[in-house]
Structures are given as structure tokens and as C-alpha cells.
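This report addresses helix packing, one residue environment and model confidence, in that order.

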Amino acid sequence: MTDLTDRTRQFEAAALPHLDAAWNLARWLLRDDQLADDAVQEAYLRAFRFFESLRGENARPWLLGIVRNACYDWMRQNRQLADQLEFDELRDSEAAAPASPDASDPARQWEQRVQGERINAAIDALPAVYREVIVLRELEEMRYEDIARIAGVPLGTVMSRLSRARALLRESLRDERPGHTAERTHHANS
């Protein structure tokens, strides 16, 4: 019993500090709060079961790799549902919207909220392989090497996926800019 208690304490010390990052990755991959909860729970159970395989390594990339695999397992098993999950801008953007530096300015708050919603929608529209690298690098601030380990791909693949994801985000956000369609139409008719 003492061994199990010691193992549990060691696991909690290694894994619990990364719970928010685990949920964030699962939420962005699965696009649903409840599914993210389930995936993280499954991943933490798997991680506890295989905790001995973590040998003096940083627990964060090891754990997030398990979370990623749990999410992809769910997406493979529920392929028809994975593509049908709806993005709810109000629900999905509320927590991710940055805090306003000037809380007394309603116009600034509205602008930041709209911009946050646009960014979240653009990230959400990315294919999962691009979404995961953006979330891990830009939101979780992970090193490329750790992302490669989590995704189980070479470092060069991480770099190319990240480059492609950023390009897709720029394109998406540029295309959604107010007045952008009118500018293109004007230049096309000139």
C-alpha cells in the first residue's frame, strides 16, 4: 500500500501542474469542453498506468503526448462526429479572450473580444495537425523539440507544420478583415 501511495504522490507532483495545458490541448483538438474533460481523464489514467516509463524526463511533453494520442484515438473512433462538432464562439472564446488593459473602455473591450473571437475561429478552422502545433507553440509556449516529441514527428515536420499553420492563420485573418473584400474588388476592377 505504501508503494502505491508513494507512486501516486510522485505522479501527482509530476502530472498535476500540467493539467491546464493538457485540457487546453484537448479542447483545441476536440473542439468540445466535455470531450476534452474525458480525453484528459483518459490520458491521465494512461499516464498513471505507464508512469514508470517516465525516466527523469520533463513530464510536460510526455504527458501532452499522451493527451494528444487520447484525442486522436477519440477522433479516429468517432470520425463521423469529429467533423461535425460545432464551434460556439461565445462559449469557446470567452475564456481565451485576453484581459483588457483598460477595463474602463467598453469600445476597447469590444474590439479585443471581436479580435479574440476571430483568432479563435481561425485556429479552430485549421486541420488538427496544424491546430496542435499552433496550440503547443503559441498558446503553451513549448519548444519545437518538445512538440516533435509530443506529436511523434521529426523536428523539421514540426517546423513546416508551424510555418504552414501560421500562413493559413494569416490568410484566414486577412480574408476576414472588414472591408478586405471591397479592397480586392476595387483592385480587380482597376
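## Packing of H9 against H10

In this predicted model, helix H9 (residues 144-151) and helix H10 (residues 155-175) have axes that come within 9 Å and cross at roughly 100 degrees. Because an angle of 65 to 115 degrees counts as roughly perpendicular, H9 is roughly perpendicular to H10.

On the H9 side, the contact is made by Tyr144, Glu145, Ile147 and Ala148. H10 contributes Leu155, Val158, Met159, Leu162 and Arg166. By class, the residues of this contact divide into seven nonpolar and two charged, with no polar residue.

## Environment of Asn24

Asn24 is located in helix H2 (residues 19-30). Its relative accessible area is 18%; since buried means under 20%, Asn24 is classed as buried. Leaving aside residues up to four places away in sequence, Asn24 touches Val135, Leu139 and Glu140.

## Confidence of the prediction

The protein has a mean pLDDT of 81, with 78% of its residues at 70 or more. Among the elements, helix H3 (residues 33-49) has the highest mean pLDDT, 95, and helix H6 (residues 89-94) the lowest, 44.

Over residues 80-100 the pLDDT stays under 50, and the model has 35 contacts beyond four places in sequence for this stretch. The pLDDT is also below 50 over residues 180-190, a stretch with four contacts in the model beyond near neighbours in sequence. Where pLDDT is low, the predicted coordinates should not be read in detail.

Note on methods. Residues numbered from 1 in each chain as written. Predicted model: local features only at pLDDT ≥ 70, side-chain atom pairs only at ≥ 80, totals over all residues. Heavy atoms only, no water. pLDDT = per-residue confidence, 0-100. Helix = DSSP H or I, 4+ residues; strand = E, 2+ residues; numbered from the N terminus. Contact = heavy atoms within 4.5 Å. Axes fitted to C-alpha atoms, helices over the stretch in contact; angles between N-to-C directions. Parallel < 35°, antiparallel > 145°, perpendicular 65-115°, else oblique. Nonpolar A, V, L, I, M, F, W, Y, C, P; charged D, E, K, R; others polar. Buried < 20%, exposed > 50% of the residue type's maximum accessible area, 1.4 Å probe, protein only.
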